[in-house]
Amino acid sequence: MLTKKISCFFLWTILGLSIIFSSYAQDGASNSAPGLSLDAAVIEKGKSIFTANCQQCHAVHEQIVGPKLANVYERQSIPWLINFIKYPQKVIESGDAYAVNLYKQYKQFMPNHDFLKDDEIIAILSWIQDETKKGPSVASTASASSTTDAPSKSDSAINSNLLMIVIGLLLFVLLAVLTVMAILVTTLTKYINQREGITLSEEDREYLEQRFDIKKILTSQGFIGIATAVFIIFVGKTVLDGLFSIGVQQGYAPDQPIKFSHKLHAGYYDIQCQYCHTGVEKDKHANIPSANICMNCHNAIKTTSPEIQKIYQAIENDQPIQWVRVHNLPDLSYFNHAQHVKVGKIECETCHGDIKNMEVVQQHSLLTMGWCIDCHRKTEIQTDNKYYEKLSTIHAASSKEPMRVENIGGLECSKCHY
Ligand code: HEC
Ligand code: HEC
Ligand code: HEC
Ligand code: HEC
Ligand code: HEC
Ligand code: HEC
């Protein structure tokens, strides 16, 4: 039947197009940016230099202290990057527009790395290229689909934009082919009908008299198949995006009862975190300061401000200030600040982001199990700790890799789960 032939043709078109698209995508993946290497040894070397020098501030698929580095070799030329990584401050001060813009965003200088040789930096960038192509792990995929992490969001937006473009293009081609076929069929039918003397067999006659019927096409198996496929892709993508962000509260920044600003107190006035979060070096919990701690200063500072009056009221009524909790792990998990801050020597910013610039605190990290585990796989133990002396000798005897949290049992379920 004609309709069958048409839908068959559609199927072939789609197949052809998807082959073209996928080979196009692979093309992009197998190439290397000019100057970078695909050699496994170079990539491995780059990884270890990165771990030793850059990891505390950067990740490939995640913004930590500095920007995420996925694709960075496409954002700037390799020589520019080598120069910037060696002398970031100089490049920023020279007025380079791109660098100045970065600095405005991150408000922090990256340290000089002039001790690195060019080929070492190329190795780092080659590793970054390799990781970029591998794509983010599950944990960072979730971050990509979360609502507020702007840079990752734009990344996932690019992905879904691409998907939209591909689907849109396919639909467009379908419609175009449909129209052309329709015109062809009508013209041919007209032509044959006008011509006398053409003898048609029974079958051909039937063929001819069959009207070009849009309804038939719409209900034909081929068309329904294609429509269902497109629909499933759409729904699947939406559901997946949604699933990855279930229970993930990254970016959560509730209104607080008093307009307390970390930017002002911890940033501008540079009050130490421990001054208020007294438990952070000795306890499981960091603690939220009581109104008394505020009063150390505010019995004299800004006493007439309505916001400060709220502190006085809380004390008068003997009621704690009802701060809204921002970070909240489920009860089944165990997290200890002292272990991470004091023993592990991890900066607050690594997990909480740039608090000193936050007017309102927001949840910076995913706080998923994948996030904890990921860091435990990557982070080296501070072995200047007596407690680890024996362990590190044992570890050194069996492995050349530095000792990481995973090596001391940081991936064992019972360490994090009661
Ligand atoms: C102490 C934190 C810190 C360390 C360590 C660090 N960086 Fe950075 N990096 C930053 C910050 C912050 C920026 C943003 C620019 C600025 O404000 O100076 C940045 C920017 C960059 C950029 C530009 C990113 C872009 O989006 O164009 C590259 C590339 C980079 N860093 C690579 C490295 C490499 C490679 C290392 C290790 C050899 C490293 N960084 C170590 C903090 C750091
Ligand atoms: C002057 C006291 C003070 C200082 C200094 C201070 N904080 Fe806070 N912090 C608070 C108060 C009050 C809250 C609760 C209100 C809020 O969330 O803004 C809080 C909340 C937080 C939270 C969110 C807690 C939650 O509910 O999950 C984090 C994280 C945090 N602070 C980190 C820091 C870090 C990191 C520093 C140092 C750079 C710091 N704070 C310095 C008073 C302080
Ligand atoms: C170490 C001293 C210090 C501590 C402790 C402190 N503050 Fe402040 N706070 C200041 C200073 C200084 C200012 C800025 C005053 C100004 O703008 O003149 C300020 C400003 C404020 C303001 C803005 C007031 C306004 O109307 O502009 C609020 C709100 C505030 N603090 C809340 C708190 C709360 C809540 C706490 C306890 C969790 C606290 N502060 C603890 C020093 C402190
Ligand atoms: C290794 C990651 C990590 C580091 C480093 C870290 N925190 Fe936290 N912080 C968390 C997690 C996870 C929670 C949520 C804990 C919970 O819900 O039980 C949290 C919660 C908090 C809270 C809310 C109150 C509480 O104790 O649950 C405050 C305040 C806080 N952190 C302050 C700090 C300060 C200040 C520092 C640096 C001195 C710091 N944190 C370093 C991961 C970290
Ligand atoms: C930024 C990196 C980082 C993140 C994120 C992180 N940890 Fe850790 N964690 C460490 C380091 C480093 C140590 C080792 C500290 C030490 O030397 O004992 C550690 C140790 C631990 C230990 C003790 C392990 C042992 O064998 O003694 C537990 C439990 C733990 N972390 C739980 C968590 C949980 C739960 C989370 C997520 C909510 C988390 N950590 C997130 C870096 C991290
Ligand atoms: C480094 C710490 C850490 C280790 C090790 C760890 N978990 Fe978790 N796990 C967490 C945290 C934190 C959460 C809560 C994450 C969230 O709320 O999204 C969690 C959540 C879970 C959940 C989901 C509960 C829910 O609310 O959906 C299960 C199941 C789980 N863990 C099982 C395990 C098992 C099994 C192991 C051992 C193979 C393990 N975990 C090892 C930190 C850890």
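Which side chain has an N or O atom 2.8 Å from a nitrogen atom of ligand 3? In this predicted model, that side chain belongs to H265. The elements giving two or more residues to the shell around ligand 3 are α13 (262–268), α15 (291–298) and α16 (306–316), and α15 makes the greatest contribution, with four residues. Two further polar contacts are found at this ligand: a polar side-chain atom of H298 lies 2.7 Å from a nitrogen atom of ligand 3, and a polar side-chain atom of S305 lies 2.7 Å from an oxygen atom of ligand 3. The shell comprises 20 residues, of which H265, C294, C297, H298 and S305 come nearest to ligand 3. By residue class, the shell around ligand 3 divides into 14 nonpolar, three polar and three charged residues.

Ligand 4 is likewise surrounded by 20 residues, with A286, H337, C348, C351 and H352 the closest. Here the shell around ligand 4 consists of ten nonpolar, eight polar and two charged residues, and α17 and α18 each supply at least two of the residues in it. The iron atom of ligand 4 has as its protein donors the NE2 atoms of H337 and H352, which lie 2.0 Å from the metal. These two histidines join distant parts of the chain, H337 being in helix α17 (residues 337–343) and H352 in helix α18 (residues 348–352), with their positions 15 residues apart in the numbering. The site of the iron atom of ligand 4 has six donor atoms with angles of 88 to 179 degrees among them, and is octahedral. For six octahedral donors, the ideal angles at a metal are 90 or 180 degrees.

The same histidines also appear among the polar contacts of ligand 4, since a polar side-chain atom of H337 lies 2.8 Å from a nitrogen atom of the ligand, and a polar side-chain atom of H352 lies 2.8 Å from a nitrogen atom of it. An oxygen atom of ligand 4 is approached by R325, a polar side-chain atom of which lies 3.1 Å away. As to accessibility, H337 has a relative accessible area of 16% and is therefore buried, under the 20% limit, whereas H352, at 22%, is partly exposed.

The iron atom of ligand 5 is bound on the protein side by H340 and H376, whose NE2 atoms are its protein donors at 1.9 to 2.0 Å. This pair also links distant parts of the chain, with H340 in helix α17 and H376 in helix α19 (residues 369–378), 36 residues apart. The arrangement around the iron atom of ligand 5 is octahedral because its six donor atoms subtend angles of 88 to 179 degrees. Of the two donor residues, H340 is partly exposed, with a relative accessible area of 22%, while H376, with a relative accessibility of 13%, counts as buried.

Two residues in the loops that connect these helices have unusual backbone angles in the sense that most residues other than glycine have a negative phi. K345, in the loop between α17 and α18, has a positive phi of about 55 degrees although it is not a glycine, and its relative accessibility of 44% places K345 among the partly exposed residues. L367, which is found in the loop between α18 and α19, has a positive phi of about 60 degrees and is likewise not a glycine.

Two other histidines can be described by their surroundings in the protein. H58 is placed in the loop between α2 (40–53) and α3 (72–75) and, at 11% relative accessibility, counts as buried. Leaving aside neighbours within four places in sequence, H58 is in contact with F50, I64, G66, P67, L69 and M110. With one of these residues, P67, there is a polar contact, in which the side chain of H58 reaches the backbone oxygen of P67 at 2.9 Å. The C-alpha atoms of H58 and L69 are 7.0 Å apart in space, the two residues being eleven residues apart in sequence.

H395, for its part, lies in helix α20 (residues 389–398) and is buried, its relative accessible area being 13%. When residues up to four places away in sequence are not counted, H395 touches E401, P402, M403 and N407.

Terms used: Residues numbered from 1 in each chain as written. Chains lettered and ligands numbered in written order. Predicted model: local features only at pLDDT ≥ 70, side-chain atom pairs only at ≥ 80, totals over all residues. Heavy atoms only, no water. Donors = N, O, S within 2.8 Å, 3.2 Å for Na, K, Ca; no water. Tetrahedral: all angles 85-135°; square planar, octahedral: opposite > 155°, others 65-115°. Buried < 20%, exposed > 50% of the residue type's maximum accessible area, 1.4 Å probe, protein only. Contact = heavy atoms within 4.5 Å. Polar contact = N/O pair within 3.5 Å; in protein donor to acceptor, adjacent residues only side chain to side chain. Near = heavy atom within 4 Å. Nonpolar A, V, L, I, M, F, W, Y, C, P; charged D, E, K, R; others polar.
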